[in-house]
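I opened my notebook to a fresh page for this one. Come along and read over my shoulder while I look things up.

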Amino acid sequence: MGGAGILLLLLAGAGAGVAWSPPKAKCPPRCSCSKESTLCEGSSGLPESFSATLLSLSLIKMGVSQLKAGSFMKIPSLHLLLFTSNTFSVIEDDAFIGLSYLRYLSLANNHLEALPRFLFRDLETLTHVDLRGNPFQCDCRVLWLLQWMPTVNASVGLGACAGPSALARMQLNHLDPKKFKCRATELSWLQTVGESALSVESFSYQGEPHVILAQPFAGRCLILVWDYSLQRFRPEEEVSAPSVVSCKPLVLGPHLFILAARLWGGSQLWSRSSPDLRLAPIQVLAPQRLLRPNDAELLWLDGQPCFVVADSSKAGSTTLLCRDGPGFYPRQSLHAWHRDTDAEALELDGRPHLLLASASQRPVLFHWFGGRFERRTDIPEAEDVYATKHFQAGGDVFLCLTRYIGDSMVMRWDGSMFRLLQQLPSRGSHVFQPLLIARDQLAILGSDFAFSQVFRLEPDKGILEPLQELGPPALVAPRAFAQVMVAGRRFLFAACFKGPTQIYQHHELDLSA
């Protein structure tokens with residue numbers, strides 16, 4: 001009889017009130033089946049023909065190496081799923097998706113070293129999970145499991161760690177998730193800015209992040225902005241500044257000031273009063289005092305903005321310049337005859353302080369008192385320091401001291417002076433700069449002879465530990481670093497004296513994924 005005839009008979013039977021139902025699913029090979037349960041042992045693959053009302057499935061010593069996502073979508077009625085003595089090389093996320101009635105799941109004794117993060121996603125009816133008897137590696141791969149257990153109503157049997165050796169035979173439920181270090185930081189190269197630079201600063205103007213570079217050989221302060229179309233930084237404006245060593249921005253509402261500290265020709269102040277105007281020079285700064293500037297810093301004193309310019313000539317003097325009317329004028333001369341190489345503004349004990357490094361003596365700490373800076377103390381055991389930078393962490397104030405010859409140092413303020421905390425080899429270094437990027441307190445130690453090193457402060461230990469080297473491309477004589485955040489992305493600028501400025505992007509990596 002042809003297919004048409006069979007169809008007519010079926011229709012006739014239906015019309016005569018004869019009920020029709022699909023044939024019962026056959027019991028798969030190497031399985032024993034009842035109406036509501038199936039047990040399979042030694043099968044070469046996952047069985048496919050199951051009863052649509054199956055409640056219990058046990059799979060033992062299967063020749064299956066992979067459990068792919070959605071492996072059990074055809075039997076959504078399962079309440080119990082048990083695997084025993086299997087060897088899986090891969091279990092994918094969502095392998096059990098669709099089992100919305102599953103209550104008991106056992107993966108015990110299956111030679112599993114780790115499980116995928118989203119294995120139990122949407123299994124909201126689970127009441128028991130058995131994972132015992134597996135050689136779990138108790139590294140970052142189990143962190144998600146430790147964090148998941150307190151969030152569910154299921155009882156979870158875990159068993160013991162097989163590794164690493166320090167945790168071997170420790171029960172997984174005795175592990176503290178807070179002690180796992182499963183977040184990594186990486187700085188990857190993004191872009192090169194062709195000319196060399198001595199300083200780099202980031203600032204926000206009219207709600208947009210900006211970066212300014214002091215480029216002595218190009219004779220300018222170059223302002224960069226983010227190009228949202230090209231997804232890279234591009235020049236916005238430049239200030240003519242031959243022999244410039246530092247370009248320091250100050251934003252007061254719509255007003256933008258740029259201090260251009262220059263080795264020759266006099267340091268200048270540039271200004272624009274609104275975003276639709278271009279920067280223009282408005283003042284030559286302290287020409288009789290600033291003979292050979294080496295650094296400039298911005299600080300606020302008694303509610304007023306001020307600049308301090310460190311002068312490295314023997315005849316000049318480091319000068320504090322504060323705003324008075326439209327310009328900035330000398331407020332105080334500091335540390336004359338000492339050939340200062342660096343100035344660092346910081347706050348200690350709730351008061352403004354200033355730290356000056358020089359070629360002739362140890363760094364000297366000044367505090368703001370009676371409308372002027374007064375010497376407070378010097379930094380012990382800190383000879384030949386070229387520059388200083390500070391950062392705060394955990395309520396403490398730390399100091400990074402750069403030395404070109406010998407070891408650079410990390411110090412911590414104890415309430416009366418800075419005490420040595422750590423020494424780091426740093427032959428050929430002109431910069432040891434701390435930066436807070438996202439949740440990471442970093443410090444970058446530049447070098448003229450080797451790769452620049454990135455360190456991260458470990459809160460548990462209170463010291464800096466190596467994170468990575470910067471490069472390739474290698475930084476050629478780095479002099480300053482700055483970070484800027486644009487559209488949720490974080491970037492690191494590295495200004496180099498003998499090579500182009502390099503830009504890196506900051507990435508956070510989840511090692512538990």
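**Entry: Glu381**

I began with Glu381, keeping in mind that this is a predicted model. Is Glu381 buried or exposed? Its relative accessible area is 60%, and the cut-off for exposed is over 50%, so I wrote it down as exposed. I found Glu381 in the loop between strand S28 (372–378) and strand S29 (387–393). Its backbone caught my eye too: phi of Glu381 is near 55°, a positive value in a residue that is not glycine. I added a reminder for myself that most residues other than glycine have a negative phi.

**Entry: Ala438**

Next I turned to Ala438, which also has a positive phi, about 55°, without being a glycine. Where does Ala438 sit? I traced it to the loop between strand S33 (432–437) and S34. With a relative accessible area of 26%, Ala438 is partly exposed, because that value falls between the 20% and 50% limits.

**Entry: two cis peptide bonds**

My general note here is that most peptide bonds are trans. Which residues does a cis peptide bond join? I noted Gly163 and Pro164, with omega about -5°. Pro164 belongs to the loop between strand S11 (161–163) and strand S12 (183–193). I also noted a cis bond between Gly471 and Pro472, where omega is about -5°. For Pro472 the setting is the loop between strand S36 (463–470) and strand S37 (478–486).

**Entry: Ser447**

I moved on to Ser447, in the loop that runs between strand S34 (440–445) and strand S35 (452–458). Its relative accessible area is 8%, so I put Ser447 down as buried. What does the side chain of Ser447 reach? One partner is the backbone oxygen of Arg427, at 3.3 Å. Another is the backbone nitrogen of Phe449, at 3.1 Å. Leaving out residues up to four places away in sequence, I listed the residues that Ser447 touches: Arg427, Gly428, Ser429, Ser452, Leu475, Ala477 and Pro478. Arg427 thus appears in my contact list as well as in my note on the side chain.

**Entry: the second largest pocket**

Then I looked for empty space, and the second largest pocket holds about 490 Å³ of it. Its lining has 17 residues, and the closest to the pocket centre are Lys181, Arg183, Asp440, Glu458 and Pro459. Helix H2 (143–148), S34 and S35 are the elements that each give two or more residues to this lining. Which element gives the most? That is S35, with 3 residues. Sorted by class, I recorded 7 nonpolar, 3 polar and 7 charged residues in the lining.

**Entry: nonpolar cores**

A general note first: in soluble globular proteins, nonpolar side chains tend to be buried together. How many residues does the largest nonpolar core have here? I wrote down 47, and those with the most contacts inside the core are Phe72, Leu81, Phe83, Phe96, Leu115 and Phe120. Strand S3 (56–60), strand S5 (80–84) and H2 each supply at least two residues of this core. The largest share, 5 residues, comes from H2. So H2 is in my notes both for this core and for the lining of the second largest pocket.

I followed Phe72 a little further. Setting aside its neighbours within four places in sequence, I found Phe72 in contact with Leu46, Leu57, Leu59, Leu67, Leu81, Phe83, Ala95, Phe96 and Leu99. Apart from this core lies another one, of 17 residues, including Val211, Leu222, Leu224 and Ile503.

**Entry: Leu213 and Leu126**

I picked Leu213 in strand S14 (residues 208–215). Its relative accessibility is 0%, so Leu213 counts as buried. Its C-alpha atom is 4.6 Å from that of Val200, which is 13 residues away along the chain. Among the residues that Leu213 touches, I noted Val200, Leu222, Leu224 and Cys247.

I closed the page with Leu126, in the loop between strand S7 (104–106) and strand S8 (128–130). Is Leu126 buried or exposed? At 7% relative accessibility, I marked Leu126 as buried. Beyond four places in sequence, Leu126 touches Leu102, Arg103, Tyr104, Leu105, Phe120 and Ala154.

Notes. Residues are numbered from 1 along each chain as its sequence is written. This is a predicted model: local features need pLDDT of at least 70, side-chain atom pairs count only at pLDDT 80 or more; totals for chains, interfaces and linings use all residues. Side-chain values use heavy atoms; hydrogens and water are left out. Helices (H or I, at least four residues) and strands (E, at least two) are DSSP runs, numbered from the N terminus. Buried means under 20% relative accessible area, exposed over 50%, partly exposed in between (1.4 Å probe, protein chains only). A polar contact is a pair of N or O atoms within 3.5 Å; within protein, one must be able to donate a hydrogen and the other to accept it, and residues adjacent in sequence count only if both atoms are side-chain atoms. Contact means heavy atoms within 4.5 Å. On a 1 Å grid over the protein atoms alone, a cavity is a set of points where a 1.4 Å probe fits but cannot get out, and a pocket is an open set with protein on both sides within 12 Å along at least five of seven lines; lining residues have an atom within 4 Å of a point. Grid points are joined across faces, edges and corners, and a volume is the space filled by probe spheres set on the points. Ala, Val, Leu, Ile, Met, Phe, Trp, Tyr, Cys and Pro count as nonpolar, Asp, Glu, Lys and Arg as charged, and the others, Gly among them, as polar. A nonpolar core is a set of buried Ala, Val, Leu, Ile, Met, Phe, Trp, Tyr and Cys residues joined through side-chain atoms within 4.5 Å.
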